[in-house]
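Please find below my notes on the model under review. They proceed from the overall fold to a single residue.

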Amino acid sequence: MFPGFPKTGLKFLRDLARHNDRDWFQPRKEIFDTQVKAPMVELVEAVNAELLGFAKDHIADPKKAIYRIYRDTRFSADKTPYKTHIAAVFPRRGLDRQATAGYYFHVSTKGVGMAAGAYMPGPEQLRAIRNWLADNHAAFLKAAKGPEKLMGKLTGSTLARSPKGFDPAHPAADLIRMKSWMYWTELDLKLAETPKIVPELVKRFRVCAPVVEMLNAPLMKGGQSRALL
């Protein structure tokens, strides 16, 4: 059973937010490795064990699931070198994690954020999903209501007009204009310190599973699968 993050790990993230520079981080990297990253590996493994029951194709190697703490500052106005949260993603096996619908969570200084769905897929995947939604919108909208009690409504950035090749009068035009289809919610940070974080994450992922499967269906069927990076 995952016991929760140690208080020293969450304190490290709070301190990092105030001292986000290499001179502060490097002497304390062992604290990050043992009090933040190591518990995150345990948490990912605990979530994997539960995914076996309803989303086995999303089980992920912790080494690939957990994002690096180092920020890519090349194209960002924010030049702070480190993220102040630790995050993990569970993509569909056989698809690039940037192109697949999947599951995500992070632990930050503010809370436990979690998401499920497809976030900003590439042009080919975007068109495949839109084509599928055009033909299957009734079933999708019915399934999309299932997670609302625990995760809120399906959300995502959207185009002002229908994309090229799609009828603006289509009954699912609002759905087709979307560029992401995802659920997002935030849980109390206190959960991260307890074993309760596992069932709270898993029960929300579970209710999102039918929608995640639907969003991945056109990507698998369309032959757009690629090995995970």
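In what order do the elements of the protein run from the N terminus on?

1. The model is a predicted one. Its elements follow the order α-α-α-α-β-β-β-α-α-α-β-α from the N terminus. The protein thus comprises eight helices and four strands.

2. As to overall dimensions, the C-alpha trace spans about 60 × 40 × 30 Å along its principal axes. The radius of gyration is 19 Å, which agrees with the value near 17 Å for a compact globule of 229 residues.

3. Of the 229 residues in the protein, 47% are buried. Among contacts with a separation of 6 or more, 69% are between residues 24 or more positions apart.

4. The accessible surface of the protein amounts to about 12300 Å², and carbon and sulfur atoms contribute 54% of that surface. The protein carries 37 positive and 23 negative side chains; the centres of these two sets are 3 Å apart.

5. Threonine 34 may serve as a local example. This residue belongs to helix 3, which covers residues 29-51. A polar atom of the threonine 34 side chain lies 2.8 Å from the backbone oxygen of glutamate 30.

6. Is threonine 34 buried or exposed? Its relative accessible area is 41%. Because this value falls between the 20% limit for buried and the 50% limit for exposed residues, threonine 34 is classed as partly exposed.

7. Finally, threonine 34 and alanine 209 are 175 residues apart along the chain, and their C-alpha atoms are separated by 32 Å.

Conventions:
Residues numbered from 1 in each chain as written. Predicted model: local features only at pLDDT ≥ 70, side-chain atom pairs only at ≥ 80, totals over all residues. Heavy atoms only, no water. Helix = DSSP H or I, 4+ residues; strand = E, 2+ residues; numbered from the N terminus. Buried < 20%, exposed > 50% of the residue type's maximum accessible area, 1.4 Å probe, protein only. Polar contact = N/O pair within 3.5 Å; in protein donor to acceptor, adjacent residues only side chain to side chain. Rg over C-alpha atoms; globule rule 2.2 N^0.38 Å. Contact = heavy atoms within 4.5 Å. Areas by Shrake-Rupley, 256 points an atom, 1.4 Å probe, with all protein chains shown as cover. Lys, Arg positive; Asp, Glu negative; His and termini not counted. Charge placed at Lys NZ, Arg CZ, Asp CG, Glu CD.
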